[in-house]
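I open this notebook to record what I looked up in the structure below. The entries follow the order in which I consulted it.

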Amino acid sequence: QTQRFYEEQNNAQIDSLGEKIGALKHFAVNIGAELETQNRQLDEMSGQMGGVGELMGGALKQLEVMLNTGGSKHMCYLIGFIVGLFLVLYMLLSWK
């Protein structure tokens, strides 16, 4: 009689363990699917960022060419314009 009792307890624990293993399998499958989705999104973002990097590189090359060919005269005009713009903004904001 006690042996039968122990067998029933053992079977109940085996069933419980099987349910827990099934739940863990379900979680593992969901985690795998989520990882695949996120990896795909990261790959897409990487491709987009590569395009932005190329655009920035081209803009910096053009800026370098402009600075090298323009001489210091153009740089003085640019600095004067920026200083003048800040002075105008300061005057407009301080008048209120």
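Entry 1. I looked up Tyr6 and found it exposed, at 55% relative accessibility. The model is a predicted one, and I read each value with that in mind.

Entry 2. I then turned to Phe5, which is partly exposed with a relative accessible area of 44%. I noted that this value does not exceed the 50% required to count as exposed.

Entry 3. I searched for aromatic pairs and found 1 in the structure. Its members are Phe5 and Tyr6, with 5.9 Å from centre to centre and 55° between the planes. I recorded the pair as tilted, because an angle of 55° is neither under 30 degrees nor over 60.

Entry 4. I asked how many salt bridges the structure holds. I found 1 salt bridge. It joins the side chains of Arg4 and Glu8, at 3.7 Å from N to O.

Entry 5. I checked where these two residues lie. Arg4 and Glu8 are 4 residues apart in helix H1, which covers residues 2-94, so about one helical turn separates them. I noted Arg4 as exposed, with a relative accessible area of 62%, and Glu8 as partly exposed, at 48% relative accessibility.

Entry 6. I closed with the chain as a whole. Its secondary structure comes to 1 helix and 0 strands. Of its 96 residues, 0% are buried. I recorded an exposed area of about 9300 Å² for the chain, with 65% of it supplied by carbon and sulfur atoms.

Methods:
Residues numbered from 1 in each chain as written. Predicted model: local features only at pLDDT ≥ 70, side-chain atom pairs only at ≥ 80, totals over all residues. Heavy atoms only, no water. Helix = DSSP H or I, 4+ residues; strand = E, 2+ residues; numbered from the N terminus. Buried < 20%, exposed > 50% of the residue type's maximum accessible area, 1.4 Å probe, protein only. Areas by Shrake-Rupley, 256 points an atom, 1.4 Å probe, with all protein chains shown as cover. Phe/Tyr/Trp six-rings, centres within 6.5 Å; stacked < 30°, edge-to-face > 60°. Salt bridge = Lys/Arg side-chain N within 4 Å of Asp/Glu carboxyl O.
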